[in-house]
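Please open the model in your viewer and keep the selection tool at hand. The tour below moves from the whole chain to single residues and pairs of helices.

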Amino acid sequence: MSEVKRISIVFLILTFGSLHAISKQTQIDSLQNLLTVHTKPDTTRAKLLTSLSFRFRHIAPDKGLAYGRESLSIAKTIGDSAYQALALKNIGYNHYYLNDYDSAIEYYSRSLVINEALANKNQIASLLNAMGIVLNTQGNIPEALAYHKKALAINEELENKLGIASNRINMGNLYFSEANFASALEYYLIALAIYEEMGDARRTANVLNNISTVYLNQKNYPLALEGYNKALAINQKSDNKHRVTSNLFNIGLAHKFQNEYDSALEYFTKAHTLASELENRSLMASTKDEIGMTYLLLDQYQLALANAKEGLKIRKELGETSMVLASNYTIAYIYHKMERPHLALKYAKMALSISEETNNLSNVKDASEIMYKSSKSIRDHEAALKYLEKYMTAKDSLFSISKTKEIAKLSAVHELKQKEAENTLLQKEREVIQSNIKVRDALINKQQLWIAIVLSILILLVLFAAFMYRSWQAKKRMSNSIKELNQSQSRWFTNIAHEFRTPLTLVTGPLSNILSREGHQLNTKTLEEIKLIKRNGDHLTKLVNEILDISKLEAGVSSITVSETDMSLLVHNILTTFQLQTLEKDINIETNVPESLFLGIDREKITTVINNLISNALKFTDPGGKITINLTKNESIEKVVLTVGDTGVGIAPEHQPLVFDRYFQAVNSISEKTNMSQGGSGLGLALSYEIVNLLDGEISVESKLGEGSEFTVSLPMNTVAETMSSESPLSSASDDIISMERETVTLTEITTVLLVEDHTEMRKYIKDLLTDRYQVIEARDGIEAFEYLTDKSSKSVDLVLSDIMMPGMNGLELVKKIKSELPEKILPIILITARAGEQDKLRGLRVGVDDYVVKPFQAEELLARIENIVVNTISRKNAAIEIAADSGLDEISSSYTEKLLLRLENEVIDQVSNSQLSVEYLADFASMHSRTLSRYLKKTTGLTPGKFIRDIRLQLALQFLETKKYNTVHEIANAVGFESPAHFTQAFIKRYGKRPSEYLS
């Protein structure tokens, strides 16, 4: 976080936040006493409630909301429109301070309608001003400015000087938030002149603060100091210690920015002393922060650290999340400057955690940068790379957001002009309607009114009866058809997600080609925009994949991905995500967890269980309580046991058997109100129960009402092989396996590819990709493709590249027809599909498909797969010619050939993690000489034995990547028998045209 940005945040809190916190407690106490005495729901009570609602808006808006609602109810009962409008306005104020901006606008608008009917221009101007402030907070600057201008026009008409000055300040604040300091200064100076003319010392001091802050941001430090000192003199004269403290702090800032560090420390220290006297802990923390930052600038790191830590301690006690984040970052930065990377990492990690929880991208970027530098300095290159990626991602996202805001701002200006035109028409329509209402009201007498009321009641009763009857019928029909509807919706989402894959290919594919082919020639702006489109295309691809995953879950298909997991580390990592909640509720967490405990388990699913149990314990444990977490290995029953206990409200005995039922929520007599306030869906424990059962475990609960609960999860001690093949020099066989050199194949003529695709643009895109390397023949569907293949006058085809989903004859039907009716052709087939599931691939492999390419795909991936198939096919043909006279191979029947090939494939799969798997081993397994095995494999597959082994390793690696069975490329490389991740990556790119890491990201 930059220094200037950090100080601007602190200044706004001091200037506005601390002043708002200064309530007139005596007046509030007096009003509450009067309210207790006056219980009759009349105008007097409505007035008292309105006053309390207004005064509580800063210090306890939830209470202010309650007072405002009661005031509104009384005003409606007694028919007082003026108090209705005032109550609505105060409710809007309280919603604003609760950060519920949409509700604030709603209540302001309702109050505005009543005040317009009453022609109360003072209130209209005040409401327009309030709505402008809300819109400014929401970032809608153009519309906020329009509201303030309307309010200003009314106040000028009324010659309301205080209102005019207030409007000028709010308009200045708008320009200040847009960094338009010149315009902000212009409006602040006008307000200053009005306050000085009126002799209003308090408001004069406030606007001087604002003016000085503009000078501070313009780096005009002498004028900033002059303004702050004037404000200080005024506040000292009125003995307003709160504002004096704020002034001293701001003067310290101005001195610090002028590099006058001794003077800055002097004023910060004075401000801290006064804040301590006033017991203003937020201001105490701010002064400690700035003293620490100043010592940091003086390279006095120990003093900087001591003060920053004091500030952090106070922030934590106050629960100021955003400032706890800033303090953690400051301490991390100090440790970084002190060249103490481990401690820098500790505090930067806490800052990063809060930043990610609050979705603060700017702070994510700053904290990630510190963590990257610190990890790099301790030579933890893997962590350094991880945090560098976080830093770059946050930086790119901030850039995208800034561009989006610029576009939104332009759109808002355009929409504002349209709204102004629409408002003019609406105003005219409103006048006509109001005129018609007056005429109608004059014609209606009491008798007509009673007749209308009676008829309305009768009509409502009839409509209600009809509605109830129709509802009963609808529910009856729904109970019979809801299952079919859910299945239909699931199919629709799945199909539409598949349909997205073709246009996604046509978006991301050409973009990737442009970046790889012409990226270095593009100007920076164009390159960034193309990368932005590419990133969002990739993001859309991810969303499509998520939709498909949800469809699988809804269909009741839930697989387990087992990986070696350190349960101790996992528990500690999960606990860090609850750190802020435990601090806020003052709950102590005790853990009894071994240093490490490895378990073969589905990491994602067990994380969900632990999260649910800890969250449940936090929810039902009162402040000051305790949560205990134990993790043990019970050798006698071969179980790993996790317990999560709390000192919360407990569960009644009759409810304990039901806690794992879906939607069940226990309401305890001892704390019914508490439980009702906690909310929840009743799904967390039910989900945990289902997951634990899926993992072959058990979950149970023991609880005593009023003392607490303990949940126990028992899991079988499954293990994953902890040791991979030992590092040793590669044998000649493994050299053959990882060799990156292709077998030399002589192409006697250009390879001909039959491209079968019904989508015109997709067909053209693929043809353009292939034209430079292959001769391409096009077919619009399976029927046209098969007619071409059976036409004896047509040119011979070397490979078929076909889409699956096509009208007439689809891709799978085409493959079946080729294999059954043209068995003499050695014709490899690659299918392009939008369906990426394992079942879809198995269907294709069963009918003889050689390879799959899943949409959206990269050009390099498609070309690599075609090249592999073509080379293998040509090698197979050449091998067949070379060994046609080999009597040894002629003796092997076709049925035995298929069985032998299947046995060899299964043996390689069984031995895949063995990096020393050799040609000699396979020859012994097949009871052949190694040379005979080599010639046999070349004839049947087009591959040498070494490449045959490598190809199976790579196919399994692709399967592991697609199913997310392992978390890192290194793990997958070891699992499929590559001793070097670098060699594995090279081989994978050569085979599939994509880096393995792209599947994991």
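The stops that follow each give something to select and then describe what is found there.

**The whole chain**

Begin with everything displayed, and keep in mind that this is a predicted model. Colour by secondary structure, and the protein chain shows 41 helices and 12 strands. If you then colour by accessibility, 45% of the 1001 residues of the protein chain count as buried. Among contacts between residues at least 6 apart in sequence, 66% join residues at least 24 apart.

**Helices H4 and H5**

Select residues 61–78, which form helix H4, together with residues 81–97, which form helix H5; the axes of these helices come within 8 Å and cross at roughly 160°. An angle over 145 degrees counts as roughly antiparallel, and H4 and H5 are therefore roughly antiparallel to each other. The crossing in which H4 passes H5 is left-handed.

Now show side chains on both helices. On the H4 side the contact includes Pro61, Leu65, Arg69, Leu72 and Lys76, and on the H5 side it includes Tyr83, Ala87, Ile91, His95 and Tyr97. By class, the residues of this contact divide into 9 nonpolar, 6 polar and 2 charged.

**The loop after H5, and the start of H6**

Move along to Asn99, which lies in the loop between H5 and H6. Its phi is near 65°, a positive value in a residue other than glycine, and at 54% relative accessibility Asn99 counts as exposed.

From there, select Ser103, whose place is in helix H6, residues 101–118. Is Ser103 buried or exposed? With a relative accessible area of 15%, Ser103 is buried. Add Ile91 to the selection and draw a distance between the two C-alpha atoms: Ser103 and Ile91 are 8.9 Å apart in space and 12 residues apart in sequence.

**A salt bridge between H8 and H9**

The structure holds 24 salt bridges, and this stop is one of them: select Arg168 and Glu156, whose side chains meet at 3.6 Å, N to O. Arg168 belongs to helix H9 (residues 161–177) and Glu156 to helix H8 (residues 141–158), so that the pair links distant parts of the chain, 12 residues apart. Arg168 is buried, with a relative accessible area of 16%, whereas Glu156 is partly exposed at 41%.

**A buried salt bridge between H13 and H15**

Next select Lys256 and Glu290, which meet through their side chains in a salt bridge of 2.7 Å, N to O. Because Lys256 lies in helix H13 (residues 241–257) and Glu290 in helix H15, the pair ties together parts that are 34 residues apart in sequence. Lys256 is buried, with a relative accessible area of 2%, and Glu290, at 0% relative accessibility, counts as buried as well.

**Helices H15 and H16**

Keep H15 (residues 281–297) on screen and add H16 (residues 301–318), and you will find these helices packed at an angle of about 160°, with their axes 7 Å apart. That angle makes H15 roughly antiparallel to H16, and H15 passes H16 in a left-handed crossing.

With side chains shown, the contact residues in H15 include Arg281, Met284, Lys288, Ile291 and Tyr295, while those in H16 include Tyr301, Ala304, Asn307, Ile314 and Leu318. The contact of H15 with H16 has 11 nonpolar, 5 polar and 6 charged residues.

**The turn at Asp586**

Jump ahead to Asp586, in the loop between helix H24 (579–585) and strand E2 (588–592). Although Asp586 is not a glycine, it has a positive phi of about 55°, and it is exposed, with a relative accessible area of 55%.

**A salt-bridge network at E9 and H29**

For the last stop, select Glu778 and Arg763, whose side chains meet in a salt bridge of 3.0 Å, N to O. Glu778 lies in strand E9 (residues 775–779) and Arg763 in helix H29 (residues 760–770), so this pair ties together parts that are 15 residues apart in sequence. At 34% relative accessibility Glu778 counts as partly exposed, whereas Arg763, at 10%, counts as buried. Which residues are linked in a network of salt bridges here? Add Lys767 to the selection, and the network is complete on screen as Arg763, Lys767 and Glu778.

Key: Residues numbered from 1 in each chain as written. Predicted model: local features only at pLDDT ≥ 70, side-chain atom pairs only at ≥ 80, totals over all residues. Heavy atoms only, no water. Axes fitted to C-alpha atoms, helices over the stretch in contact; angles between N-to-C directions. Helix = DSSP H or I, 4+ residues; strand = E, 2+ residues; numbered from the N terminus. Parallel < 35°, antiparallel > 145°, perpendicular 65-115°, else oblique. Left-handed = near helix turned anticlockwise from the far one by under 90°. Contact = heavy atoms within 4.5 Å. Nonpolar A, V, L, I, M, F, W, Y, C, P; charged D, E, K, R; others polar. Salt bridge = Lys/Arg side-chain N within 4 Å of Asp/Glu carboxyl O. Buried < 20%, exposed > 50% of the residue type's maximum accessible area, 1.4 Å probe, protein only.
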